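Thanks for coming. I will go through one structure this morning, with the sequence and the model on the screen.

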Amino acid sequence: MSQNDKDVFARRGFLKGTAAIAGVAAVGTLLPSTGALAQQAKLKVGLMLPYTGTFAQLGVAITNGFKLAVDERGGKLAGREIEFITVDDESNPAKAPENVNKLVQRDKVDVVIGTVHSGVAMGMAKVIRESGTLWINPNAGADEVTGPLCAPNIFRTSFSNWQTTHALGKVLKAKGHKNAVFITWKYAAGEQMMAGFKEGFEKEGGKLTKELYVPFPQVEFQALLTEIASIKPDAVVAFFAGGGAAKFLKDYQAAGLKGKIPLYGSGFLTDGVLDAVGDAAEGIETTLHYADGLDTKKDKAFRLAYAKTFKLQPDVYAVQGYDAGQLLAAGLDAVKGNVADKAGMIKAMEAAKIDSPRGPWTLSKSHNPVQDMYLRKVVGKENKVQGVAWKALADPARGCKA
Amino acid sequence: MDFAFFLIQLLNGLQYGLLLFLVASGLTLVFGIMGIINLAHGSFYMVGAYLAWSLSSLTGSLTAAILLAIPLTVVLGMALERLLFRHLYQRDHLYQVLLTYGLILVFEELRSLIWGDDVLGVAVPALLNASIPLTENLSYPVYRLAISGVCLLLAAALYFLIQKTRLGMMIRAGASNRDMVQSLGIDIKLIYTLVFALGIALAAFAGMINAPLSSVFPNMGSQVLIICFVVVVIGGIGSVKGALAASLMIGLAETFGTVLVPEVAGMIVYVLMAIVLVWRPEGLFGGRA
């Protein structure tokens, strides 16, 4: 219950916060600017994130993380105050071009931060590539964004789908598993994670016996669980998220497969669902670029500050939002807040070494994080870090010609 | 696939089919018999699941939660019928679509305010929290079998209520000629209120009983909505028997489809619907229930 109370509180707090920012902005435009006070105009940051629907919580976490990065710099980036312009993209790909155009054309923002849903990100990419606006993507993992669609003005502070499962090949090999079955939803993210795993596993000499697909977003797994039981692979690797992940973990246990055929997954399989699934996830190992119990100074400080400011525990999405703020700050600092010097900013961002709660990372040529992939194990309600599954893993950025 | 696994898949298909019937039964009543297009059906399913979560964490028992929640949903259904739906019976279907679409948005936002956006879990009742081993590495959860039993009971009860009781007779008569029934001195308004409330309660009940299996999460209602309409359309509008047959057909088609032809698993149900509609536009049991 308390978790929920907090969520409601945080949501309200967030809404109030945005209202207050909007109010301040409105008042600001009404005041006559006197010569003495004249200074650089506010930096316009467009937040295009889901604030309603299934991914609402992720949108809020990213926003909080970003704002925390700004707060830590005294509420300013490179000495410039920030004006936030928020658009709720509803995780609706059909509205993505229209929504991003609002920010780019109407509000003429200096930088766009967004979004969660990969389909929406693909819609944004086209508009952003044409307008040349600076874009920092704090989540959506579609391989294409830093692959065929890559561009000098497109950055990502999260992951590519390929990255989240690629390291699992090594992990399975080390455990002595020679063959595996991959199960996921039949949609772009699922297929990309499957491909990432397959490549990594086959490089280690493993064999992907079968690819099992559930139509998205269905959650009836029984038929495929029966098939897994009849195939009897050494291991099962899965990617589902949210409610689908919770149901899959429970069904896997209820079908008696847990403990007989070990289950691994992309970290999203066990993120944000541990309260819901009870002991069904206990002991499951996954790979992701963030974990509980990293025990670094930076991570501890970040978790403490986040919990204090927002009365919420941070998650991987908050980290990605926070790093989006840090990356933007690195670019702005280099040009002393002069966003007109876009080339200078991009150069500085490309060279930035981000001191992230997840551990330090840099950007690849295609502007995707080169980062450590952690092996995590579900212990109680935490995804406890077990070690680094792959040091400084870079996305291959296939198709990126920029 | 050897014979043992074929039998297990058959069981999976039947079990899934019965689950679909449970979820769609409320819609069969409201859409099939009253002729109301209720897009918010999934929302009531979701409300049921969230109530089950709230009340079972409060009372510590899913059974108690269900017993408490059913009267609540009946009252909710009656209130909605009195306040909103009653005014739309004489109007075009489009008005119902608008109203019920609006209700989806209202219920989603209320859900977010009251319960937040987390994925929540409901524990399987201790008595049913066991599995029956089928092969060396596969077992079948008792709770799923129990749900199948409940679904069969419910199907029988609904069939009996509508086909064999006096109330059912009035409901059917009201469905075919509302004015005539009213002039015979039957309080058709009350009957409509009851049927609507029953439909809502069934949707919510499905959400409650399914909560331990599916978990409880935002937008869970929209996931089941489309398949519910498919069940009602294939089964034939207004037929409980048809809905049961359609649910089982879909359950089997989807189970075997996912395993045998995974490439097209996502569209099997709709192909099935298209075939049935070409062959019998009124649905399997439509027009003669």
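How many residues of domain 1 of chain A are in contact with domain 2 of chain A? Before I answer, please keep in mind that this is a predicted model. The domain assignment splits chain A into domain 1, residues 2–159 + 295–367, and domain 2, residues 163–288 + 375–393. Eight residues of domain 1 of chain A are in contact with nine residues of domain 2 of chain A. On the domain 1 side, those residues are three nonpolar, three polar and two charged.

Next, the contact between the chains. Here 37 residues of chain B meet 39 residues of chain A. On the chain B side, the elements that supply two or more residues are the helices α1 (3–33), α4 (93–115), α9 (220–235) and α10 (240–260), together with the strands β1 (131–133) and β2 (139–141). Which of them gives the most? That is α1(B), with five residues. Sorted by class, the chain B side has 18 nonpolar, 16 polar and three charged residues.

Now the sheet in chain A. Six strands make an open sheet with mixed pairing, in the order β2-β3-β1-β4-β5-β6. At its edges are β2 (76–77) and β6 (154–156) of chain A, each paired on one side only. The helix α4 (residues 118–131) of chain A packs on this sheet and touches β4 (111–113), β5 (134–137) and β6 of chain A. The direction of α4(A) makes about 165 degrees with that of β5(A). Back at the β2 edge, β2(A) and β3(A), residues 80–88, run antiparallel and are joined by two bridges. Across that pairing, L77(A) stands opposite R80(A) of β3(A).

Two places in the backbone of chain A deserve a look. Most residues other than glycine have a negative phi, and most peptide bonds are trans. The bond between G114(A) and T115(A) is cis, with omega about 5 degrees. T115(A) sits in the loop between β4 and α4 of chain A. The other place is D295(A), a residue other than glycine whose phi is positive, near 60 degrees. D295(A) is in the loop between β11 (285–288) and α11 (297–310) of chain A.

Over to helix packing in chain B. Two packed helices are described by the angle between their axes and the distance between the axes. For α2 (residues 41–59) and α8 (residues 188–214) of chain B, the angle is about 50 degrees and the axes are 7 Å apart. The two helices, α2(B) and α8(B), are therefore oblique to each other. The crossing of α2(B) past α8(B) is right-handed. Among the residues in this contact are F44(B), L51(B) and W53(B) from α2(B), and I200(B), F205(B) and M208(B) from α8(B). What classes do the contact residues fall into? There are 15 nonpolar, four polar and no charged residues.

Helix α3 of chain B, residues 62–83, also packs with α8(B), at an angle of about 145 degrees and with the axes 8 Å apart. The crossing of α3(B) past α8(B) is right-handed. From α3(B) the contact includes I66(B), E81(B) and R82(B), and from α8(B) it includes Y192(B), I200(B), F205(B) and M208(B). By class this contact has 17 nonpolar, four polar and two charged residues. I200(B), F205(B) and M208(B) of α8(B) thus appear in the contact with α2(B) and in the contact with α3(B).

That is the end of my part.

Definitions and conventions: Residues numbered from 1 in each chain as written. Chains lettered and ligands numbered in written order. Predicted model: local features only at pLDDT ≥ 70, side-chain atom pairs only at ≥ 80, totals over all residues. Domains from an automatic or database assignment. Contact = placed C-beta atoms within 7 Å. Nonpolar A, V, L, I, M, F, W, Y, C, P; charged D, E, K, R; others polar. Helix = DSSP H or I, 4+ residues; strand = E, 2+ residues; numbered from the N terminus. Pairing = 2+ DSSP bridges. Axes fitted to C-alpha atoms, helices over the stretch in contact; angles between N-to-C directions. Parallel < 35°, antiparallel > 145°, perpendicular 65-115°, else oblique. Left-handed = near helix turned anticlockwise from the far one by under 90°.
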